[in-house]
Amino acid sequence: FPYKTFTSASDLILTGVIDGPLPGGLPKAVEVYALNDIPDLSIYGIGFANNGGGSDGEEFSFPDGSSATAGQSVTVATEADGFTSWFGEAPDYTTSFAAINGD
């Protein structure tokens, strides 16, 4: 009986979606977590879905030269001011595509 062995490894997992309580729903962000060292984070990207419409595909790519170490959380937010006001630190990356909502 032929069989195939499939292995699945993910070095980066989604750990948070934030649609905050500040005016305008800020901060809006996602958090991902590195399970292992990722020397080239630019091989990863994120697609954002709004209002149940699904994602248009990858809308944010981590920049060339970026990396993450095992155990590191990485945040991507729409802007830094609201994020910093709420969390007390700046997001790692910003993009207008992170303007998520659940309306």
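Okay, hi everyone. Before anything else, a definition: two rings of Phe, Tyr or Trp make an aromatic pair if their centres lie within 6.5 Å, and with planes over 60 degrees apart the pair is called edge-to-face, under 30 stacked, and the rest tilted. Keep that in your pocket, because we'll need it for the four aromatic pairs in this structure. And a word of caution: what you're looking at is a predicted model.

Let's start with the overall layout. The chain has 103 residues, and 31% of them are buried. The secondary structure is one helix and six strands. If you walk along from the N terminus, you go β-β-β-β-β-α-β. The accessible surface adds up to about 6400 Å², and 52% of that belongs to carbon and sulfur atoms. Here's one on how the chain folds back on itself: take contacts between residues at least 6 apart in sequence, and 50% of those join residues at least 24 apart.

Now the sheet. What order do its strands come in? Reading across, it's S1-S2-S5-S6, an open sheet of four strands with mixed pairing. At the edges you have S1, residues 12-22, and S6, residues 93-94, and each of those pairs on one side only.

Let's zoom in on S1 and S2. They run antiparallel, and eight bridges join them. I'll pick out two of the bridge partners in S2: Ile13 is matched with Tyr33, and Ile18 is matched with Ala29. Between the two strands of this hairpin there are three residues, and Gly24 takes a positive phi near 80° there.

On to the next neighbour. S2 is also antiparallel to S5, this time with five bridges. And look who turns up again: Ala29, the partner of Ile18, stands opposite Ala77 in S5.

While we're around here, how many salt bridges does a search of the whole structure find? Just one. The side chains of Asp19 and Lys28 meet in it, at 2.7 Å from N to O. Are these two buried or exposed? Well, Asp19 has a relative accessible area of 42%, so it's partly exposed. Lys28 comes in at 11%, and because the cut-off for buried is under 20%, Lys28 counts as buried.

Right, the inside. The largest nonpolar core has 16 residues, and Phe48, Phe62 and Val76 are the ones with the most contacts within it. Two elements give two or more residues to this core: S2, residues 26-34, and S5, residues 73-77. S2 gives the most, with three residues.

Let me stay with Phe62 for a moment. If you ignore its neighbours within four places in sequence, Phe62 still has a list of contacts that includes Leu12, Val32, Leu41, Ile46, Val74, Val76 and Tyr93. Have a look for those in the viewer.

Now, those aromatic pairs from the beginning. Phe60 and Phe62 form one that is edge-to-face, with 5.1 Å centre to centre and 80° between the planes. Both Phe60 and Phe62 are buried. Phe60 also pairs with Tyr93, and that pair is tilted: 6.0 Å between centres and 50° between the planes. Why is that second pair worth pointing at? Phe60 lies in S4, residues 60-61, while Tyr93 lies in S6, so the pair ties together parts that are 33 residues apart in sequence. Tyr93 is buried too, along with Phe60. Put it together and ring pairs link Phe60, Phe62 and Tyr93 into a cluster.

Last stop: Thr95. Where does it sit? It's in the segment after S6. Thr95 has a relative accessible area of 12%, so it counts as buried. And what does Thr95 touch, not counting residues up to four places away in sequence? The answer is Phe48, Phe60, Val76, Ala77 and Thr78. You've met several of these names already: Phe48 and Val76 are in the group with the most contacts inside the core, Phe60 belongs to the ring cluster, and Ala77 is the residue opposite Ala29.

So, if you want a route for your own tour, try this. Begin at the S1 and S2 hairpin with Gly24, step over to Asp19 and Lys28 for the salt bridge, go in to Phe62 in the core, and finish at Thr95. That's me done, thanks for listening!

Methods
Residues are numbered from 1 along each chain as its sequence is written. This is a predicted model: local features need pLDDT of at least 70, side-chain atom pairs count only at pLDDT 80 or more; totals for chains, interfaces and linings use all residues. Side-chain values use heavy atoms; hydrogens and water are left out. A nonpolar core is a set of buried Ala, Val, Leu, Ile, Met, Phe, Trp, Tyr and Cys residues joined through side-chain atoms within 4.5 Å. Buried means under 20% relative accessible area, exposed over 50%, partly exposed in between (1.4 Å probe, protein chains only). Contact means heavy atoms within 4.5 Å. Two strands pair if DSSP finds at least two bridges between them. Accessible areas come from the Shrake-Rupley method with a 1.4 Å probe; for residues, only the protein chains shown count as cover. A salt bridge is a side-chain nitrogen of Lys or Arg within 4 Å of a carboxyl oxygen of Asp or Glu.
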